[in-house]
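Below are my notes on the model, set out as numbered points. They go from the whole chain to the sheets, the cores and a few side-chain pairs.

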Amino acid sequence: MTRVGRDFSNTMQKEAVPAVSADVTFTSSRFPNYKLGPYNQIMEAKEDPKVLSMKEVVARETAQLLEQQKRLSVRDLANKFEKGLAAAAKLSDEARLREAASLEKHVLLKKLRDALESLKGRVAGRNKDDVEDAIAMVEALAVQLTQREGELIQEKAEVKKLANFLKQASEDAKKLVDEERSFARAEIENAREAVRRVEEALEEQERIARASGKQDMDELMKEVQEARRIKMLHQPSKVMDMEHELLALRLQLAEKSKHSLQLQKELLISKSRRGEENMSDMYELDGPEALGSFLQIQACSDKAPDLSHCSIQWYRVSSEGGKRELISGAIKSVYAPEPFDVGRVLQADIVLDGYQITLATAGPIDPAAGLGSYVEALVRKHDTEFNVVITQMNGADHPSESIHVLHVGKMRIKLCKGKATIAKEYYSTSMQLCGVRGGGNAATQALYWQAKKGLSFVLAFESERDRNAAIMLARRFAFDCNIMLAGPDDRAPQGT
């Protein structure tokens, strides 16, 4: 018969999966939650009372599914325990067979010893010694058989202990399978609930996206309407036609007023010619008294001295207090009113050989039609662009006539040519901005800008409207920054 080794139980334990003790107690009724941290380190997930976003929910469910794939299959463990239990039962049967065979051996040895004892009394001499040797051998065999039986009993006890252990482990494995099945069902329900939450989150996102898209569309429509309104201010329309008609009526009224003033001046001249001709009747102001035009001192007598030999200085007079304010740099015979002159009377002093003549406009300077609403529309924009040409830079003529872009923003003014920035300065007390004082009829479309000390420009605009709008817009933004933007304090001419 096959002999069973004493290390059989250790061999079975090495081949089988490490057993689960029956005394194991679990701290939780389900497997714990884990998540992957930095460098693939497994970290225990903490309960977060805050509401998780859709992205976090999807990531958590994905991590749980991956962790579930990595778990040890309890079903496989139970199958291995069943196989071990069957092998232990088989070994127990073999042990019983060996026990029965051992009993038969004891009986045979006893019968053999009894036969030899009976034979010992019958023989003598050498045969008797042989019988005694045979009896000693039988006794030695009986001792060996007894030892083998003790070993067999010990092996039987170990096999029985292993069988009981495997049986208990199998029962524990079955319990774990049942628990895992219930946990799996619960996780399936949780997964379905998570999928439902994800679907609800996606639907909520789509609903929010549709609502925000509708809101963005409404805002876009408002911006388009505002852009159309601003574009309407730039392009001809019914409103613009009415403004042009109003401007034409103003021009006609100015012409009639000018004609009336001319008749009055001629009447005064005719009266002065009857007596001694006065020096004050030798010059007059010519031109519309409105923003966007220019005034020019002209001689109305052949005996009037040439203006190049006279000293000229322009003033603006407030219509309320009558206080005269010197216009720095306005020492030419031509002066183009700027927005700061609207509502004020302009005067020009002519000095020659100690004699002084003062000429004045018939009334305050009129505003340009539609300019106020145009500037109010531009104030809403963060940055307004004007196409300009640099005619002078730091008092010297600029040879290039290329188109530049003047950006008038809420915080600063920037002059660019393409992507290159010529000058960019924030509103400050060192910055100066006003209309060009002199320069003939071109002065109505030009302005003087001192960005900082040592850097100044004379810029020509596409129209009188753009020039006046740029001045009003820059002064408006500078005032919002607590900066009073005005002309230069020196009396040097600006423009020739």
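1. One local detail to begin with: Asp286 has Gln296, in strand 4, standing opposite. The model is a predicted one, and the points that follow should be read with that in mind.

2. Asp286 belongs to the end of strand 3, which spans 283–286. Strand 3 is joined to strand 4 (residues 295–299) by four bridges, and the two run antiparallel. Together with a third strand they make an open sheet in the order 3-4-7, with antiparallel pairing. Strand 3 and strand 7 (334–335) are the edges of this sheet; each has a single partner strand, so one side of each has no neighbour in the sheet.

3. For the chain as a whole, the secondary structure amounts to seven helices and 17 strands. The protein chain has 496 residues, of which 31% count as buried. Its accessible surface is about 32100 Å², with 54% of that belonging to carbon and sulfur atoms. Among contacts with a separation of 6 or more, 59% are made by residues 24 or more positions apart.

4. Strand 12 (residues 404–409) deserves a separate point. Five of its six residues are buried, so the strand is mostly covered. Six bridges connect strand 12 to strand 10 (residues 383–393), in an antiparallel arrangement. Within that pairing, Asp383 stands opposite Gly409 of strand 12.

5. Strand 12 is also paired with strand 13 (residues 412–417), through four bridges and again antiparallel. Val405 has Cys416 of strand 13 as its bridge partner. The connection between strand 12 and strand 13 is a hairpin of two residues.

6. Which residues touch the most other members of the largest nonpolar core? They are Phe386, Leu406, Tyr427, Trp449 and Leu459, in a core of 33 residues. Two or more residues each come from helix 6 (371–379), strand 10, strand 12, strand 13, strand 16 (446–452), strand 17 (455–461) and helix 7 (464–480). Helix 7 is the main contributor, giving seven residues.

7. Phe386 can be followed further through its contacts. With neighbours within four places in sequence set aside, Phe386 is in contact with His404, Val405, Leu406 and Val408, among others. The list also includes Tyr374 and Leu378, as well as Phe461, Asp466 and Ala470.

8. A second core lies apart from the one described above. This other core has 20 residues, among them Tyr283, Ile312, Ala330 and Ile350.

9. Three aromatic pairs are found in the structure. One of them is formed by Trp449 and Phe457, with 5.7 Å centre to centre and 25° between the planes. The pair counts as stacked because planes under 30 degrees apart are classed that way. Trp449 and Phe457 are both buried, and Trp449 is one of the residues already named for the largest nonpolar core.

10. Where does the charged end of Arg324 sit? It is over the ring of Tyr315, at 3.8 Å from the ring centre. A second arrangement involves Arg465, which lies over the face of Tyr374 at 4.4 Å from the ring centre. Tyr374 is also one of the contacts of Phe386.

Key. Residues numbered from 1 in each chain as written. Predicted model: local features only at pLDDT ≥ 70, side-chain atom pairs only at ≥ 80, totals over all residues. Heavy atoms only, no water. Phe/Tyr/Trp six-rings, centres within 6.5 Å; stacked < 30°, edge-to-face > 60°. Buried < 20%, exposed > 50% of the residue type's maximum accessible area, 1.4 Å probe, protein only. Lys NZ or Arg CZ within 6 Å of the ring centre and 35° of its normal. Pairing = 2+ DSSP bridges. Contact = heavy atoms within 4.5 Å. Areas by Shrake-Rupley, 256 points an atom, 1.4 Å probe, with all protein chains shown as cover. Core = buried A, V, L, I, M, F, W, Y, C linked by side-chain atoms within 4.5 Å.
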